[in-house]
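Colleague: I am new to this structure and would like a close look at a single part. Could you pick one and show me how it connects to the rest?

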Amino acid sequence: MKRNSIFLMVGVASLYFQNVYGQQTENDSIKSNNIEQVVITGNSRPKAKLESATAISTFTAKEIQKQNPISAAALLQRVPGFAVETSGGEVGNNLFARGIPSAGAYEFTQIQEDGLPVFEDGALQFANADNFFRVDNTTARLEALRGGTGSIFATNSPGGLINFISKEGTNDFKGVAKLETSTYGLMRTDLNLGGALIKDKLFFNVGGFYRTDDGIRKTGFKANNGGQIRMNLKYVFDKGYAKVYYKKLDDRNAFYLPIPLTNDLKEFPGFNANYGTYTYNTIGQLNIPQAGGGFFKRDLTNGINPKMDVIGAEFKYDLGNNLSLINKTRYTNINLNYTGIFPAGTPKTAADFASNNGISGNSFQYSLVGNGQLVNPQYVQELGFWAIDKQMDNFINDLQFNYKLDKGNITAGFYKSNWKSKQYWNWSNILTTATDKPQLLNLVDTSLSPNDVGYSKTYNGVTDMSFLLRDSQTEGSLNALYLNLDYSLTDKLSFNGGIRYSNDTYRGYKVNTTTSNLNNSGLTAFYITSGNTTTNYGFSSTTADDNMSVLGNQYTYWRYDVDKVSYTGSLNYKIDSQNAVYGRFSHGFRSPNEEAYYNNIDDLSALKPALTNQIELGYKYYSRTFDIGVIPFYSTLKNLSFTDILSNGRSENKFADTKNLGVEIEGFARLFSNILEVTFNGTIQSPKYKNFKGTNEDGTTFDYDGNFVRRIPKLYFNISPAVNITKEWRTYVSYNYYGKRFQNEANDESYSLPAFSEFGAGTSYQLGKIRFAIDATNIFNTIGITEGDPRSTVDSGSNVRMARPIMGAAARASITLEF
């Protein structure tokens, strides 16, 4: 980076603070007054945070602007109870709620926009929910709920709800325009406009962003390129309102996977841990013949590319006699093109890789695919070139009736969601140098003649051509009835109870496959030029095509029904206008995920919905100078399925129970007449496996009962002090701590993931309606590991391990105009 420039920026701000002191008004504070905030997520009606018996964190548009998160996942790091891995890039990240393990994605939480999911299931294969959402200036606020009523107001969300609420127009025309650049080639522009077309009646809001950048990790191409537009139109009448909206998202994002490090998690020779990646332009094109005819072509520069159209409507009407209804409906269509580089194990020495592929002694020869030059690499790396296409659609309707009581209200609703995901996979393995900016390699056995079987182990750098094809479809038909009661037992004591009955059907199919090769195709696998003579050799001389997958004409169909009840109950005691305590019990479930259905397609009897029970107690204190929330919780989970997809294309297929005891802490303080502000959040927990015994695929047995859950830390927290140097000038430092974790269920200490700390810093200056800001992340270039390689086993005989570090140091500069 240019790390020195970050230190200089922070140092200048700190030096100035020693000489100049000022005061900021509360309206300019980073944190709005929680004592005045109301929340709607996980509630049947808007409710003051102090009166809501839920664990909920809120962020206004101003707070999001001042944090300036690089991704939605980075923003969610500020929510206690959510352990977030942000090392995948802008999208494709993982969130674990309250210690619930999963293969990743957002399996037990739901990301929503305006109270409806961005897509019904946020943990479909290679379709993490954050692939379909971007934070920009069209967002009015974020409400993030953990546990609690999540299972009453949404499906498959016992871990919580993450609701991004959109801006709407008002009588006053308002706009925000932002221009941003960075140390990694970023050029981004954001715009949002809102106002009234007819005063007090018809309102509009429209906005979005466009962005292009090279990526913090150097890919050799535009790592992120695209944007979105969102708009809504709202008509208000005497007894309610009607709103329609539209979103268009077309964005390409590079996805970063594990890279090689030494066993003590230091830099691997030739690989920059902070900025290096195997996802690089020199290996970006794939063009291989198929056993069924034709060629398969793929471009790595497309990365994760969702093309998404969303249209929706919301209608509220007062029926009279204290009864009202609200109906929300949305249709989503997604065409997802996904291309990523997934390491197939650790780097191997050139000799070891040749030996593993049947070449004895020193009879191996490596050459560069690009120019045929003979090379002698110290290490080589086999990489998965994974291509996935998904066509997805989702229709949702949520109809809700609300009856107002003298001391509360009753809400009854019917939720209907139909979704479909049709996907096609085509996976190959390629051979490269184990370095930054990898180069494709060919490998031959010089002890054989070119006509001999097995002479070549590659085809233009490809070691396994289309070894995995998958053509499958999954559909969900979800039906739910729910009832929620809020009632004030006394002026201080209130009750909340809810129940949801879900009757869901999942069905799908897969196309069966066979294996074949190209030996009789007549195509050229490689050629050798000697003097003026060029000799072509067919695929009988190479092993690259020996196990090609071929789609057949036989289909396997499946169906799975879910009939479950979720329920919750709580008491909230408002001690006074600033203090409250509450207690809540909740029971919910998560249906088996898409990969679990596929793995058990011949016999679904082993699958069961994952059942959760949670108990939480909460204390909240809100004042104009200090906020605190302390929420101890205990949770159990049964029938959890493990479905990580391994580098050989197969998947885990294990089942376990878990339990977790923890406490979430969240707070904010304004000190010294608002000169100093401090936000903080943290989680302490002890997630462990229960009833986790069985047999591995190789016939060996395992017993992980009582072990700590993989990849999830026992302690993680964030603290961010900010200094208002003057009314106009603000500077901050952020500190993220992510505790030690175990890479695998066996809790192998030798391969644990150590705790790490990440520092960020920034400063901003408000000049009238223009805001200048600089924000820097990972300013000390920490090598912080969020995960090992869940797709490959650890190579105990090597001093190399695969892991995914956080991004290296980077800084962004922005100018924002509000009008």
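Modeller: Here is a walk through the plug region and its links to other parts of the chain.

First, the ground rules. This is a predicted model, in which local features need pLDDT of at least 70 and side-chain atom pairs count only at pLDDT 80 or more, while totals for chains, interfaces and linings use all residues. Residues are numbered from 1 along each chain as its sequence is written, and side-chain values use heavy atoms, with hydrogens and water left out.

The name of the region comes from UniProt, where an unreviewed entry gives residues 49-160 the annotation "domain: TonB-dependent receptor plug". UniProt positions follow the numbering used here, feature names are shortened, and an annotation may be inferred rather than shown by experiment. Over residues 49-160 the chain is 14% helix and 30% strand, and its end C-alpha atoms lie 16 Å apart. Helices (H or I, at least four residues) and strands (E, at least two) are DSSP runs, numbered from the N terminus.

Now look for an open sheet of five strands, ordered 3-10-11-6-7 with mixed pairing. Strand 3 (55-60) and strand 7 (116-117) are its edges, each pairing on one side only. Two strands count as paired if DSSP finds at least two bridges between them. Strand 6 (residues 109-113) runs antiparallel to strand 7, with two bridges. Across that pairing, Glu-113 faces Leu-116 of strand 7.

Glu-113 is a handy place to pause, as its side chain also forms a salt bridge with Lys-247, at 3.0 Å from N to O. This link spans 134 residues, from Glu-113 in strand 6 to Lys-247 in strand 16 (residues 240-253). A salt bridge here means a side-chain nitrogen of Lys or Arg within 4 Å of a carboxyl oxygen of Asp or Glu. Side chains of opposite charge can pair when their charged atoms come close. Both Lys-247 and Glu-113 are buried, where buried means under 20% relative accessible area, exposed over 50%, and partly exposed in between (1.4 Å probe, protein chains only).

Another long link starts at Arg-98, which makes a salt bridge to Glu-664 with the closest N and O atoms 2.8 Å apart. Arg-98 sits in the loop between strand 5 (94-97) and strand 6, and Glu-664 sits in strand 36 (residues 654-671), so far along the chain that the two are 566 residues apart. Arg-98 counts as buried because its relative accessible area is 2%, and Glu-664 is buried too, because its value is 1%. By the rule above, the model holds 30 salt bridges. Among the residues involved, Glu-90, Arg-134, Arg-211, Asp-213 and Asp-251 are linked in a network of salt bridges.

It helps to see where Glu-664 belongs. UniProt, again in an unreviewed entry, places "domain: TonB-dependent receptor-like beta-barrel" at residues 275-778. That stretch is 3% helix and 65% strand, and its end C-alpha atoms are 12 Å apart. Strand 36 pairs antiparallel with strand 35 (residues 626-642) over 15 bridges, and Glu-664 is the bridge partner of Ile-631. Strand 35 in turn is joined by ten bridges to strand 34 (residues 610-622), also running antiparallel. A hairpin of three residues connects strand 34 to strand 35, and Thr-612 has Leu-637 as its bridge partner.

For contrast, take the salt bridge between Lys-740 and Glu-749, at 2.4 Å from N to O. Lys-740 counts as partly exposed because its relative accessibility is 36%, and Glu-749 is partly exposed because its value is 47%.

One last stop is Ser-182, in strand 12 (residues 174-182). Ser-182 is buried because its relative accessible area is 17%. A polar atom of the Ser-182 side chain lies 3.0 Å from the backbone nitrogen of Tyr-184, and the side chain also reaches the backbone nitrogen of Leu-186 at 3.1 Å. Leaving aside neighbours within four places in sequence, Ser-182 is in contact (heavy atoms within 4.5 Å) with Ala-811 and Arg-812.

Note on methods:
A polar contact is a pair of N or O atoms within 3.5 Å; within protein, one must be able to donate a hydrogen and the other to accept it, and residues adjacent in sequence count only if both atoms are side-chain atoms.
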